[in-house]
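Subject: Structure handover

Hello,

I am passing on the structure we discussed. Please look it over before reading the notes underneath.

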Amino acid sequence: MAQTNRSRVNDACNLCVIALVVVLAGLLYIFGAAMSGDTLQLTKSIGGAEIFDTRDVP
């Protein structure tokens, strides 16, 4: 059975939506990493870091 024009448009729309979701997820990941300043060296250095609670310091 041959595809109709409408089913081709639906397939194209579905593909575009999937591509858009993938691109937005990538941008969100890159933006999140840039905002947090997370790098591989920073992540490794946090493992042995001491935590200082400064919420009660006047």
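The notes below cover the fold, the surface and the cysteines.

Please keep in mind that this is a predicted model. The chain contains two helices and zero strands. Helix α1 covers residues 5-36.

On burial, of the 58 residues in the chain, 0% count as buried. About 5,800 Å² of the chain is exposed, and 68% of that area comes from carbon and sulfur atoms.

Part of the surface is a nonpolar patch formed by Leu20, Val23, Leu24 and Leu27. Together these residues have about 380 Å² of accessible area. Val23, one of the patch residues, sits in helix α1. Val23 has a relative accessible area of 48%, so Val23 is classed as partly exposed, the class between 20% and 50%.

Now the cysteines. How many disulfides does the structure hold? The count is zero. Cys13 takes part in no disulfide, and the nearest cysteine sulfur to its own belongs to Cys16, 6.4 Å away. Why is there no bond from Cys16 to Cys13? The two sulfurs are 6.4 Å apart, which is too far for a bond, because a disulfide requires the pair of sulfur atoms to be within 2.5 Å.

The two cysteines also fall into separate accessibility classes. Cys13 is partly exposed, at a relative accessible area of 42%, while Cys16 counts as exposed, at 54%.

Regards

Note on methods
Residues are numbered from 1 along each chain as its sequence is written. This is a predicted model: local features need pLDDT of at least 70, side-chain atom pairs count only at pLDDT 80 or more; totals for chains, interfaces and linings use all residues. Side-chain values use heavy atoms; hydrogens and water are left out. Patches are made of residues with over 30% relative accessible area and no salt bridge: like charges are joined within 9 Å, nonpolar side chains (Val, Leu, Ile, Met, Phe, Trp, Tyr) within 5 Å. Accessible areas come from the Shrake-Rupley method with a 1.4 Å probe; for residues, only the protein chains shown count as cover. A salt bridge is a side-chain nitrogen of Lys or Arg within 4 Å of a carboxyl oxygen of Asp or Glu. Helices (H or I, at least four residues) and strands (E, at least two) are DSSP runs, numbered from the N terminus. Buried means under 20% relative accessible area, exposed over 50%, partly exposed in between (1.4 Å probe, protein chains only).
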